[in-house]
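Please take a moment to look over the chain before reading on. The paragraphs below are meant for someone who meets it here without any background.

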Amino acid sequence: MQLLLCDGFSTDADGGISCSGNSAAITLEEVQASPASTGLTKEQADALLGASILVLVIAFIFALLLRQLR
């Protein structure tokens, strides 16, 4: 099986597809052989969320302190 990669495409009334710009063909085996990004683990996402909330809380407290000092 081959996949067709295009910069852009258009479809006509009959359902045909036309590529525009550069095009290339790649096989399904080449797609499966390329490594995929794993993204964030659940632990990393939880740590990032916790750090984000902590920064927001610190900024809120700092804003309250500045308001009281005025």
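What follows is a walk along the chain, from the paired strands to the helices.

The model shown here is a predicted one, and the values given below are to be read with that in mind. A good place to begin is strand 1, which covers residues 2-11. Strand 1 is joined by nine bridges to strand 2, which covers residues 17-27, and the two strands run antiparallel. Two of the pairings can be followed by eye: Leu5 stands opposite Ala24 of strand 2, and Gly8 has Ser20 of strand 2 as its bridge partner. Between the two strands of this hairpin there are five residues, and in the hairpin Gly15 takes a positive phi near 95°.

Is strand 1 largely covered or largely in the open? Of its ten residues one is buried, so strand 1 lies largely in the open.

After the strands comes helix 1, which spans residues 28-33 and has Glu30 among its residues. Leu28 also has its place in helix 1, and with a relative accessible area of 29% Leu28 is partly exposed, because buried would mean under 20% and exposed over 50%. Although Leu28 and Gln2 are 26 residues apart along the chain, their C-alpha atoms are separated by 6.0 Å. Glu29, which is likewise found in helix 1, is exposed, with a relative accessible area of 52%. The C-alpha atoms of Glu29 and Cys19 are separated by 23 Å, with their positions ten residues apart along the chain counted as the distance in sequence.

Glu30 deserves a look of its own. Its relative accessible area is 45%, so Glu30 is partly exposed. The side chain of Glu30 reaches back to the backbone nitrogen of Thr27, at 3.0 Å. Ile17, by contrast, lies 13 residues from Glu30 along the chain, and the C-alpha atoms of Glu30 and Ile17 are separated by 23 Å.

The loop between helix 1 and helix 2 holds Thr41. Thr41 is partly exposed, its relative accessible area being 39%. From the C-alpha atom of Thr41 to that of Ala24, which is 17 residues away along the chain, the separation is 33 Å.

Helix 2 takes up residues 42-69, and Leu64 is one of the residues in it. How far does helix 2 reach, and what span would be expected at 1.5 Å a residue? With its 28 residues, helix 2 reaches 41 Å from its first C-alpha to its last, which is close to the 40 Å expected. Helix 2 is also hardly covered, since the count of buried residues among its 28 residues is zero.

Within helix 2, a salt bridge is formed between Asp46 and Lys42, whose closest N and O atoms are 3.1 Å apart. Side chains of opposite charge can pair when their charged atoms come close. Asp46 and Lys42 both lie in helix 2 and are four residues apart, which is about one turn of the helix. An α-helix has 3.6 residues a turn, so residues three or four places apart point the same way. As for their surroundings, Lys42 is exposed, with a relative accessible area of 59%, whereas Asp46, at 41%, is partly exposed. The count of salt bridges comes to one.

Which residues make a nonpolar patch on the surface? Leu49, Ile53, Val57, Phe60, Ile61, Leu64 and Leu65 make this patch, and its area is about 660 Å². Leu64, one of these residues, counts as partly exposed, with a relative accessibility of 39%.

Terms used
Residues numbered from 1 in each chain as written. Predicted model: local features only at pLDDT ≥ 70, side-chain atom pairs only at ≥ 80, totals over all residues. Heavy atoms only, no water. Buried < 20%, exposed > 50% of the residue type's maximum accessible area, 1.4 Å probe, protein only. Polar contact = N/O pair within 3.5 Å; in protein donor to acceptor, adjacent residues only side chain to side chain. Patch = residues over 30% accessible without salt bridge, like charges linked within 9 Å, V, L, I, M, F, W, Y side chains within 5 Å. Areas by Shrake-Rupley, 256 points an atom, 1.4 Å probe, with all protein chains shown as cover. Salt bridge = Lys/Arg side-chain N within 4 Å of Asp/Glu carboxyl O. Expected span 1.5 Å × (residues − 1). Pairing = 2+ DSSP bridges.
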